[in-house]
Amino acid sequence: MGTSGYKTENRRRILEYLIEHSNTTVSVKEIYDHLENNGCSVNLTTIYRFLNKLESEERIIPYHSEKGEKTTYQYVADEHHCAEHLHLKCIKCGKILHLDCQFMSDISNHIAKHHDFSIQCKNSIIYGECKECREKDE
């Protein structure tokens, strides 16, 4: 297999991993470890370049920590319209939920009217605990 086939295979495996974990966010280290553990030798630069490509195509959303120390990524299916709603992330299991309901227009209108502020939804996360994790704790 030539080098272009090798790159295509790496990209396919990265994309598959992102799709398999689309209900949560993943780090570059997690992608790298998964590939290495499955016999796919790839360098970090390849992963970052492909993630940048996927981001420019709006197929993934990067979530940057407030201090910029760590970025995680989530694969987004076309039907989610992530630029139009907030995301809920469980602090225990990491699951991401899309807040794509009427509440979004209610909260956006309230914030715009009463606080003169426009929400950027695409990379915005509200942290909390999902139902499953709360039930485990009870």
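**View 1. The lining of the second largest pocket is made of six nonpolar, one polar and three charged residues.** This close-up, like the others here, shows a predicted model. The second largest pocket holds about 180 Å³ of space. Of the 10 residues in its lining, Glu58, Val76, His81, Cys82 and Ala83 come closest to the centre of the pocket, so they are good ones to find as you settle into this view.

**View 2. The largest pocket of the predicted model has a volume of about 240 Å³.** Take a walk around its wall and you will meet Thr25, Glu30, Tyr63, His64, Ser65, Lys70, Thr72, Lys89, Asn123, Ile125 and Tyr127. Sorted by class, this lining comprises three nonpolar, five polar and three charged residues. Which strands each give at least two residues to the lining? They are strand E2, spanning 60-64, and strand E6, spanning 125-128.

**View 3. Strands E1, E3 and E2 make up an open sheet, in that order, with antiparallel pairing.** Why is one side of E1 and of E2 left without a neighbour in the sheet? Strand E1 (26-27) and E2 stand at the edges and have a single partner strand each, so one side of each stays without a neighbour there. As general background, strands of a sheet pair through backbone hydrogen bonds, and the pairing can be parallel or antiparallel.

**View 4. Five bridges join E2 to strand E3, residues 71-75, in the antiparallel sense.** Let us pick out one of these residues: which residue of E3 is the bridge partner of Tyr63? The partner is Thr72. Both Tyr63 and Thr72 may look familiar from View 2, for they also belong to the lining of the largest pocket.

**View 5. Stepping back, the protein chain has five helices and six strands.** Following the sequence, you can trace these elements in the pattern α-β-α-α-β-β-β-β-α-β-α. The protein chain has 138 residues, and 32% of them count as buried. Among contacts with a separation of 6 or more, 54% come from residues 24 or more positions apart. On the outside, the protein chain exposes about 9,100 Å², with carbon and sulfur atoms supplying 48% of that area.

Notes:
Residues are numbered from 1 along each chain as its sequence is written. This is a predicted model: local features need pLDDT of at least 70, side-chain atom pairs count only at pLDDT 80 or more; totals for chains, interfaces and linings use all residues. Side-chain values use heavy atoms; hydrogens and water are left out. On a 1 Å grid over the protein atoms alone, a cavity is a set of points where a 1.4 Å probe fits but cannot get out, and a pocket is an open set with protein on both sides within 12 Å along at least five of seven lines; lining residues have an atom within 4 Å of a point. Grid points are joined across faces, edges and corners, and a volume is the space filled by probe spheres set on the points. Helices (H or I, at least four residues) and strands (E, at least two) are DSSP runs, numbered from the N terminus. Ala, Val, Leu, Ile, Met, Phe, Trp, Tyr, Cys and Pro count as nonpolar, Asp, Glu, Lys and Arg as charged, and the others, Gly among them, as polar. Buried means under 20% relative accessible area, exposed over 50%, partly exposed in between (1.4 Å probe, protein chains only). Contact means heavy atoms within 4.5 Å. Accessible areas come from the Shrake-Rupley method with a 1.4 Å probe; for residues, only the protein chains shown count as cover. Two strands pair if DSSP finds at least two bridges between them.
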